[in-house]
Amino acid sequence: MDEGSLERIASLINERRYQKGSLIFMEGEEAEAVYFIKKGKVKIFKTGQDGREHIINILPEGEVFAESCLFGLNKYPASAEAYEDIEALLIKIKDFEKLLEEYPKISIGIIKAMGKRLQMVSKR
C-alpha cells in the first residue's frame with residue numbers, strides 16, 4: 001500500500017486500553033467495532049443458561065476479534081474480556097466495511113483468519 005492508503009487506514013483506528021478482567025463487550029450487545037490486540041491477551045467466552053462461563057478462545061497479541069460482525073451480525077456472538085492488561089486497536093464496523101471495499105486484499109486476509117478459527121473450533 002502506498003503512504004496515502006496507510007494514512008487513510010490509520011485515520012480510522014482508535015486505541016483503547018483495558019485492565020485485566022475488564023469487559024470489552026458482552027454477548028448480545030450491538031456490534032460496534034472490530035478489534036486488533038496490540039498487546040496482551042483477550043478471552044472470548046459465552047455464558048451458558050446455567051450462568052457458567054464457557055471459554056471459546058484465549059487470543060494473543062496480533063490477533064483480530066469480533067470480525068464475524070463484518071458479515072451481517074448486528075450483535076456480538078460472544079463476550080470479550082481482557083485476560084491480562086491489553087492495548088487494543090479498533091475500527092468501527094461501518095468504517096471497516098468501507099475499507100474492505102477499497103482494499104479487497106484485506107478481505108481475503110480476514111476470510112483466511114476466520115477459516116483457521118473454524119478449523120480450530122471444529123477440532124475441539
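Me: What makes strands 1, 8, 3 and 6 an open sheet, and in which sense do they pair?
Reply: In this predicted model, the 4 strands follow the order 1-8-3-6 with antiparallel pairing. A strand is a DSSP run (E, at least two residues), numbered from the N terminus, and two strands pair if DSSP finds at least two bridges between them. Strand 1 (14-18) and strand 6 (64-65) stand at the edges with a single partner strand each, so one side of each has no neighbour in the sheet.

Me: How do you know that strand 3 and strand 8 pair?
Reply: Strand 3 (residues 33-39) and strand 8 (residues 86-92) share 6 bridges in the antiparallel sense, against the at least two that pairing asks for; alanine 33 stands opposite lysine 92 in strand 8.

Me: What lies across strand 3 and strand 8?
Reply: Helix 2 (residues 93-102), a DSSP run of H or I with at least four residues, lies across both and runs at about 70° to strand 8. Such angles, from 0 to 180 degrees, are taken between N-to-C directions of lines fitted to C-alpha atoms, for helices over the stretch in contact, meaning heavy atoms within 4.5 Å.

Me: Why does strand 5 have one side without a neighbour in its sheet?
Reply: The other open sheet of 4 strands has the order 2-7-4-5, with antiparallel pairing. Strand 2 (23-25) and strand 5 (53-59) are at its edges with a single partner strand each, so one side of each is left without a neighbour. From one strand to the next, the twist averages 30°. Strand 4 (residues 42-47) pairs with strand 5 over 6 bridges, and phenylalanine 45 has isoleucine 55 as its bridge partner there.

Me: What do the numbering and the values rest on?
Reply: Residues are numbered from 1 along each chain as its sequence is written, and side-chain values use heavy atoms, leaving out hydrogens and water. Local features need pLDDT of at least 70 and side-chain atom pairs count only at pLDDT 80 or more, while totals for chains, interfaces and linings use all residues.
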